[in-house]
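Q: I'm new to reading protein structures and I'd like a close look at a single part of this one. Could you pick a spot, walk me through it, and then show me what lies around it?

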Amino acid sequence: MPVPESGAPHRSIQESARHGRLTARPRAVEVKAQQPGTYRTDRQALLRVPSAPPPYRLAVVLHGAGGSAEQALTWLRPQAGADGLLLLAPQASGSTWDLIVGGYGPDVVRLDTTLADVFQRFPAEATGVAIAGFSDGASYALSLGLTNGDLFGAVLAFSPGFMAPLLRHGRPRIFVSHGTADRVLPIDRCSREVVRTLRDDGYPVTYREFAGGHDVPADVVAQALRWWNTP
């Protein structure tokens, strides 16, 4: 994948990263044959290419604390297959995402570079880019989604703990789910507070509570994908 050269462009990317801003955007590219399957990028992300023809709808999928890119794909991939979604699952540079352990930085740079490469190789619908996550990944998805709502038209947050955007751009649609018996991130002080704040701020939010713990039930994922595919 391309690595930023030294000098002004590199400094610009670093400056954007400190605020959680992503600069990569979908672009018109020549369609090249690509075998369906799951591939590892040189920045440890996983890219799942569907068998459906382009242009693609792209979902960035973020794992939870202590998790992996492989785990992030397990709960979304079975449901996404029928919809022909291009899935990108990045790997955090630490045990969880940079925002949660000290502030935006290395993970934003890695994701931005990976997205730029994906957009160079695959024709993605400009209005069909979403970010999703579970647990810490959901908190990060909400934070990056609000910061980059001019890139992500939708945010799918499964059992988030919080959100912390430093800047806000665009007005993404938001889907939030949470288990009523969640002992890891209790629903009262997590999703219920997050959803209340989002609605007070005027964001369009679809909220689903389910009887269960810290989990991503298959039926909730299916509902979230139907919601995303039906604006």
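A: Let's start with T96. With a relative accessible area of 7%, T96 is buried, because anything under 20% gets that label. Keep in mind that this is a predicted model, so treat the numbers here as computed ones.

Where does T96 sit? You'll find T96 in the loop between β4 (86-89) and α3 (98-101). Its side chain has a partner: a polar contact of 2.8 Å joins the side chains of T96 and D136. If you skip its neighbours within four places in sequence, T96 is in contact with A65, V101, D107 and D136.

Now use D136 as a stepping stone. H63 also has D136 in its contact list, along with S68, A69, A72, P90, Q91, A92, W97, F134 and G137, again leaving aside neighbours within four places in sequence. H63 belongs to the loop between β3 (56-62) and α2 (69-80). H63 is buried too, as its relative accessible area is 1%. For a side-chain partner, look at Q91: a polar contact of 3.4 Å joins it to H63.

Just before D136 in the numbering comes S135, and S135 has a backbone quirk. S135 sits in the loop between β5 (124-134) and α5 (136-147). Its phi is positive, about 60 degrees, although S135 is not a glycine. Why point that out? Because most residues other than glycine have a negative phi. S135 is buried, with a relative accessible area of 9%. If you want another case, try S159, in the loop between β6 (154-158) and β7 (173-179). Phi of S159 is near 60 degrees, also a positive value in a residue other than glycine, and S159 is buried with a relative accessible area of 0%.

Back to the neighbourhood of T96, since there's a hole to see. The structure holds one cavity of 30 Å³ or more. About 60 Å³ of space lies in the largest cavity. Its lining is made of R43, A45, P90, Q91, W97, D107, R110, L111 and T114. You've met some of these already: D107 is a contact of T96, while P90, Q91 and W97 are contacts of H63. Sorted by class, the lining has four nonpolar, two polar and three charged residues.

T114 from that lining leads to T41. The C-alpha atoms of T41 and T114 are separated by 7.9 Å, though the two are 73 residues apart along the chain. T41 lies in the loop between β1 (37-40) and β2, and at 10% relative accessibility T41 counts as buried.

A45, L111 and T114 take you one step further, to L88, which touches these three as well as L46, L47, L58, A59, V60, V61, L115 and V118, not counting residues up to four places away in sequence. L88 is one of the members that touch the most others in the largest nonpolar core, a group of 44 residues; L115, I174 and L198 are named alongside it. There is also a second, separate core of 27 residues, with L76, A80, V220 and A224 among them. In soluble globular proteins, nonpolar side chains tend to be buried together.

Conventions: Residues are numbered from 1 along each chain as its sequence is written. This is a predicted model: local features need pLDDT of at least 70, side-chain atom pairs count only at pLDDT 80 or more; totals for chains, interfaces and linings use all residues. Side-chain values use heavy atoms; hydrogens and water are left out. Helices (H or I, at least four residues) and strands (E, at least two) are DSSP runs, numbered from the N terminus. Buried means under 20% relative accessible area, exposed over 50%, partly exposed in between (1.4 Å probe, protein chains only). A polar contact is a pair of N or O atoms within 3.5 Å; within protein, one must be able to donate a hydrogen and the other to accept it, and residues adjacent in sequence count only if both atoms are side-chain atoms. Contact means heavy atoms within 4.5 Å. On a 1 Å grid over the protein atoms alone, a cavity is a set of points where a 1.4 Å probe fits but cannot get out, and a pocket is an open set with protein on both sides within 12 Å along at least five of seven lines; lining residues have an atom within 4 Å of a point. Grid points are joined across faces, edges and corners, and a volume is the space filled by probe spheres set on the points. Ala, Val, Leu, Ile, Met, Phe, Trp, Tyr, Cys and Pro count as nonpolar, Asp, Glu, Lys and Arg as charged, and the others, Gly among them, as polar. A nonpolar core is a set of buried Ala, Val, Leu, Ile, Met, Phe, Trp, Tyr and Cys residues joined through side-chain atoms within 4.5 Å.
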